[in-house]
Amino acid sequence: MNSFGNNFGLLFILSAAGYVLSFGNQLVASYHFGTSPSLDAYWALFAAANLLSFYVQPLREALVPPVFSAASKDLGHASALFSAGLVLQLILASLSLSMLLVAPADMLNWVGVDKAEPLSLLWGFIPYFFLFALAETCNGLLLSFNRAIYQATARVL
């Protein structure tokens, strides 16, 4: 029971830290953009990035069980399977990102993003596509190996 209490306590703290950091992120975005068309553009791009990343969850759910099963028999095979899944995630992330980058300027202007601006908000979303896919896949794998503390720490980071 003590192990449960320790794990719960640590997971509770990590979860609370994640929510505090998320709240801080919201405050920084609100401070930086204020109530403005720029903030609306940020939220529109965030929603578009999430829509274009719809494949992450199903691929993670399809990849993690076979990797977990293979790990008990042959770590080399499990590693190769996991690597193949990550490569597929990165290919799909590249395709999704490409769709956003080649979106017509008129459509992006409609949500307040100036595609021609040198440091456009659009370019800030490039890492999101790759990091989201990587983080979700790795977090699913960590949970399958009963590494909830590592998973929660990774989410905070």
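Modeller: Quick ground rule before we start on this predicted model: crossing angles run from 0 to 180 degrees between N-to-C directions, with axes fitted to C-alpha atoms.

Colleague: Fine. What makes α2 oblique to α4?

Modeller: The axes of α2 (residues 37–52) and α4 cross at roughly 140°, coming within 9 Å. Roughly antiparallel needs an angle over 145, and roughly perpendicular covers 65 to 115. The α2/α4 angle fits neither class, so α2 counts as oblique to α4.

Colleague: Which residues meet there, and what is the hand of the crossing where α2 passes α4?

Modeller: From α2 you've got L45, A48 and L52, meeting S96, M99 and L100 of α4. The crossing is right-handed.

Colleague: Now α4 and α6: why is that pair called roughly antiparallel?

Modeller: Helix α4 (residues 75–101) and helix α6 (residues 126–144) have axes crossing at roughly 150° and coming within 9 Å. The cut-off is over 145, so α4 is roughly antiparallel to α6. That crossing is right-handed too. On the α4 side the contact includes F82, L86 and L100, and on the α6 side F129, F130 and L141 are among the residues.

Colleague: What makes the nonpolar surface patch?

Modeller: F4, F8, F12 and I13 do, with about 490 Å² between them. To join a patch, residues need over 30% relative accessible area, and nonpolar side chains are linked within 5 Å. As for F8, look in helix α1 (residues 2–33).

Terms used
Residues numbered from 1 in each chain as written. Predicted model: local features only at pLDDT ≥ 70, side-chain atom pairs only at ≥ 80, totals over all residues. Heavy atoms only, no water. Patch = residues over 30% accessible without salt bridge, like charges linked within 9 Å, V, L, I, M, F, W, Y side chains within 5 Å. Areas by Shrake-Rupley, 256 points an atom, 1.4 Å probe, with all protein chains shown as cover. Salt bridge = Lys/Arg side-chain N within 4 Å of Asp/Glu carboxyl O. Helix = DSSP H or I, 4+ residues; strand = E, 2+ residues; numbered from the N terminus. Parallel < 35°, antiparallel > 145°, perpendicular 65-115°, else oblique. Left-handed = near helix turned anticlockwise from the far one by under 90°. Contact = heavy atoms within 4.5 Å.
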